[in-house]
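Have you got the 3D view open and ready to turn? Let's take a walk through this structure together, one stop at a time.

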Amino acid sequence: MAIDRVVSGMRPTGMLHLGHYNGVLKNWVTLQHELECLFFVADWHALTTHYDSPEIIENNVWDMVIDWLAAGVDPAQATIFIQSKVPEHAELFTLLSMITPLGWLERVPTYKDQQEKLSSKDLSTYGFLGYPLLQSADILIYKSTQVPVGEDQVPHIEFTREVARRFNHLYGKEVGFEERAEEAIKKLGSKKGQLYRELRTAYQEEGDDQALVSAKALIEEQQSLSLGDKERLLGFLEGGGKMILIEPEYKLAPASKMIGLDGQKMSKSYNNTISLREHPDEIEKKIRKMPTDPARIRRSDPGDPKKCPVWQLHEVYSDKKIKEWVENGCKNADIGCIECKQPVVDSISKELKPIQERALHYIDSPDLVKSVVAEGCEKARKIARDTMRDVKEVMGVNF
Ligand code: TRP
Ligand code: SF4
């Protein structure tokens with residue numbers, strides 16, 4: 001079985017903000033201590049939508065790496081690299097494109113959604129249609145088993161699984177695979193062997209998912225069967241052979257939809273963010289301007305935290321005691337909104353202070369940042385090359 005390996009990427013499209021920090025980076029920082037992790041800057045993916053502003057890419061790439069490091073992603077624990085510096089991603093993308101049905105790409109929901117959302121841009125490009133397949137290459141090239149992503153990315157991971165399955169189906173046959181699978185069925189005995197065949201037919205010919213589940217359970221139960229035979233029976237069941245590419249699972253970040261300054265989700269496109277590099281004075285100014293429960297026109301008007309976006313920041317940033325103070329103070333009009341906002345201002349500034357200090361350190365040492373990335377690229381390339389050798393071998397282009 002494959003080792004657990006985590007891969008995730010981020011597009012360098014602007015300054016990172018608290019939404020990235022709470023939704024993604026904190027999760028990365030935790031994961032890097034638990035599993036082998038590779039984190040990369042998806043600069044080619046940024047070009048799929050920002051092909052008309054190439055001048056922003058480079059600065060964004062370095063700013064992003066600096067923010068990751070400042071947020072606690074540790075190059076001694078995780079491999080940090082840049083997609084375009086590992087050209088094997090593009091090589092796998094090209095080879096996978098040979099077997100990817102056009103309809104699969106057209107049906108990925110983000111394709112039409114994003115075209116509509118970014119209607120000012122012409123996104124009827126080949127690169128944009130291929131976005132999910134490039135992402136598949138990013139993931140499959142590392143044989144990664146887990147991909148931490150946001151909800152919006154789930155269809156891309158599912159798409160990746162389909163691509164991997166199709167690849168294994170087309171190219172994963174070991175020599176004499178079918179005969180060896182038949183041998184293994186005989187070892188099940190006549191009754192169970194018959195049941196296996198029936199379930200396999202039900203799954204392959206009628207798409208009966210329940211039959212697949214039952215057949216897998218049947219295989220797992222066979223204690224006398226060797227591991228190799230079990231794998232053959234599993235592969236034969238699904239119509240595939242050996243697994244060359246690994247089907248990854250997605251791993252949703254622990255739910256934390258960071259609220260923005262206007263009460264919508266924090267996002268650059270809503271212009272409601274606090275960036276990781278935000279000056280403390282600016283943090284204070286921005287939070288002071290936040291809307292509150294509209295019922296609190298005067299300080300003597302009672303309010304309801306549930307109707308106030310500031311409360312949602314307290315949910316992330318305040319302890320029990322402060323939250324009780326807010327709830328009572330708001331409902332009884334004992335505190336003013338400016339007063340109520342202060343602990344949030346303080347907590348955010350406190351959280352960002354060490355991050356900003358580390359960021360300054362890295363901004364002052366561009367060579368250090370470059371060497372971290374160079375080392376990461378080197379490590380990533382080693383794994384990528386190994387996978388490409390296997391892929392090229394079975395696709396007949398390893399000569
Ligand atoms: N599409 C992802 C996003 O917009 C970024 C990304 C590119 C990615 N390649 C990836 C994420 C591979 C995880 C794994 O967030
Ligand atoms: Fe919001 Fe606090 Fe004002 Fe209540 S007191 S409306 S929770 S800012």
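We'll begin at the ligand and then move on to some strands and a helix.

One thing to keep in mind as you look around: this is a predicted model. Now find ligand 1. There are 13 residues around ligand 1, and those that come nearest are H45, Y131, Q135, D138 and Q153. What kinds of residues make up this shell? It's a mix: six are nonpolar, five are polar and two are charged.

Zoom in on a few side chains next. D138 puts a polar side-chain atom 2.7 Å from a nitrogen atom of ligand 1. Q153 has a side-chain N or O atom 2.9 Å from a nitrogen atom of the ligand. For R11, look at an oxygen atom of ligand 1 instead: an N or O atom of the R11 side chain is 3.4 Å away from that oxygen. So how much of ligand 1 does the protein cover? On its own the ligand has 370 Å² of accessible area, and the protein covers 90% of that.

Which parts of the chain build this shell? Strand 1 (5-10), helix 8 (131-140) and strand 4 (146-149) each bring at least two residues. Helix 8 gives the most, with four residues.

Let's follow strand 4 away from the ligand. Check both of its faces: Q146 and P148 sit on one side, V147 and V149 on the other, and all of them are buried. Strand 4 also has a partner, strand 5 (residues 249-252); the two run parallel and are joined by four bridges. To spot the pairing on screen, start at Q146, which stands opposite E249 in strand 5.

You'll find a similar story at strand 3 (residues 78-82), where five of its five residues are buried. A78, I80 and I82 are on one side, with T79 and F81 on the other, so to speak back to back, and both faces are covered. Strand 3 runs parallel to strand 2 (residues 36-41), and five bridges join them. One of the pairings to look for is L38 with T79, its bridge partner in strand 3.

Our last stop is helix 15 (residues 309-317). Its buried residues are P309, V310, W311, L313, H314 and Y317. What do these buried residues pack against? Turn the model and you'll see three helices there: helix 1 (18-34), helix 16 (320-331) and helix 17 (337-364).

Definitions and conventions. Residues numbered from 1 in each chain as written. Chains lettered and ligands numbered in written order. Predicted model: local features only at pLDDT ≥ 70, side-chain atom pairs only at ≥ 80, totals over all residues. Heavy atoms only, no water. Near = heavy atom within 4 Å. Polar contact = N/O pair within 3.5 Å; in protein donor to acceptor, adjacent residues only side chain to side chain. Areas by Shrake-Rupley, 256 points an atom, 1.4 Å probe, with all protein chains shown as cover. Nonpolar A, V, L, I, M, F, W, Y, C, P; charged D, E, K, R; others polar. Buried < 20%, exposed > 50% of the residue type's maximum accessible area, 1.4 Å probe, protein only. Pairing = 2+ DSSP bridges. Contact = heavy atoms within 4.5 Å.
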